[in-house]
Amino acid sequence: MTLRASIMIFIILASIGGNLLVIVSVMRHRKLRIITNYFVVSLAFADMLVAILAMTFNASVQVTGKWNFSLFMCDVWNSFDVYFSTASILHLCCISVDRYYAIVKPLEYPINITKRVVAFMLLNVWISPAVISFVPIMCGWYTTKEHWEYRFQHPSECDFKVRTFSYF
């Protein structure tokens, strides 16, 4: 158990430290403050929040073998996990779009990809995941009635069972 806890703490601290290095590097060095790196800094911030707000709860479950918090916190944890993971994926999509335009249309890139466009993209990257994470999870729409009842009978478990829709 001590080894498992040590490994989890190391992973969390390494994730926080590595992403902090990215953020501080861009803040300290003027040459790194380019539009593309706005996405990189935002991605590092999202990944750092995964380590702080999602990995810590997971580490607690991995070390103790049970959920030690309330059912509300279980939903908050699952919401954070879905939210920040989705935000990370959307950041990677934005970086891909940014690099695509920079390579394929290098002359049009500075005209089309402005600070305003990047701000709009980043705003969407941070707001869109909230709609698909916090709303359905906090409202209980994500799971079945049976699982909802199971949760109240077993408060020391925090399972994330998503409802599957059948079309047939």
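This is a short tour of the structure, stop by stop, with a selection to make at each one.

**Before you start**

The model is predicted, so to speak plainly: local features need pLDDT of at least 70, side-chain atom pairs count only at pLDDT 80 or more, and totals for chains, interfaces and linings use all residues. Residues are numbered from 1 along each chain as its sequence is written, and side-chain values use heavy atoms, with hydrogens and water left out.

**Stop 1: a surface patch on helix α1**

Select Leu3, Ile7, Phe10 and Ile11. Together they make a nonpolar surface patch of about 440 Å². A patch is built from residues with over 30% relative accessible area and no salt bridge, joining like charges within 9 Å and nonpolar side chains (Val, Leu, Ile, Met, Phe, Trp, Tyr) within 5 Å. The areas come from the Shrake-Rupley method with a 1.4 Å probe, and for residues only the protein chains shown count as cover.

Now keep Leu3 alone. Leu3 belongs to helix α1, residues 2-28. Helices here are DSSP runs (H or I, at least four residues), as strands are (E, at least two), numbered from the N terminus. Is Leu3 buried or exposed? Leu3 is exposed, because its relative accessible area is 63%. The cut-offs are under 20% for buried, over 50% for exposed and partly exposed in between, with a 1.4 Å probe and protein chains only.

**Stop 2: Ser42 and His91**

Next, select Ser42, which is in helix α2. With a relative accessible area of 10%, Ser42 is buried. Leaving out residues up to four places away in sequence, Ser42 touches His91, Leu122 and Trp126. Contact here means heavy atoms within 4.5 Å. Add Ile23 to the view: its C-alpha is 8.4 Å from that of Ser42, while the two residues are 19 apart in sequence.

Follow the contact to His91, in helix α3. The relative accessible area of His91 is 0%, so this residue is buried. Which residues does His91 touch, not counting those up to four places away in sequence? They are Phe39, Ser42, Leu43, Ala46, Leu122, Val125 and Trp126.

**Stop 3: aromatic rings**

Show the aromatic side chains. A search of the whole structure finds 15 aromatic pairs. Rings of Phe, Tyr and Trp (its six-membered ring) pair if their centres lie within 6.5 Å; planes under 30 degrees apart are stacked, over 60 edge-to-face and the rest tilted.

Pick out Phe57 and Trp77. Their ring centres are 6.5 Å apart and their planes stand at 45 degrees, so this pair is tilted. The pair links distant parts of the chain, 20 residues apart: Phe57 is in helix α2 (residues 35-64) and Trp77 in helix α3 (residues 71-104). Phe57 is buried at 13% relative accessible area, and Trp77 is buried at 9%.

Keep Trp77 and add Trp67. These two form a stacked pair, 5.1 Å centre to centre with 15 degrees between the planes. Trp67 lies in the loop between α2 and α3 and Trp77 in helix α3, so the pair ties together parts ten residues apart in sequence. Trp67 counts as buried, at 4% relative accessibility.

For a group of rings, select Phe45, Phe80, Tyr83, Phe84, Trp126 and Phe134, which ring pairs link into a cluster.

**Stop 4: Arg151 and the salt bridges**

Side chains of opposite charge can pair when their charged atoms come close. A salt bridge is a side-chain nitrogen of Lys or Arg within 4 Å of a carboxyl oxygen of Asp or Glu. How many salt bridges are there by this rule? The count is two.

Select Arg151 and Asp75. They form a salt bridge, with their closest N and O atoms 3.1 Å apart. Arg151 lies in helix α6 (residues 145-153) and Asp75 in helix α3, so the pair ties together parts 76 residues apart in sequence. Arg151 and Asp75 are both buried.

Add Trp148: the charged end of Arg151 sits over the ring of Trp148, 4.8 Å from its centre. "Over a ring" asks for NZ of Lys or CZ of Arg within 6 Å of the ring centre and within 35 degrees of the ring normal.

Finish with Asp98 and Arg99, whose side chains meet in a salt bridge at 3.1 Å, N to O. Asp98 is buried at 1% relative accessible area, whereas Arg99 is partly exposed at 33%.
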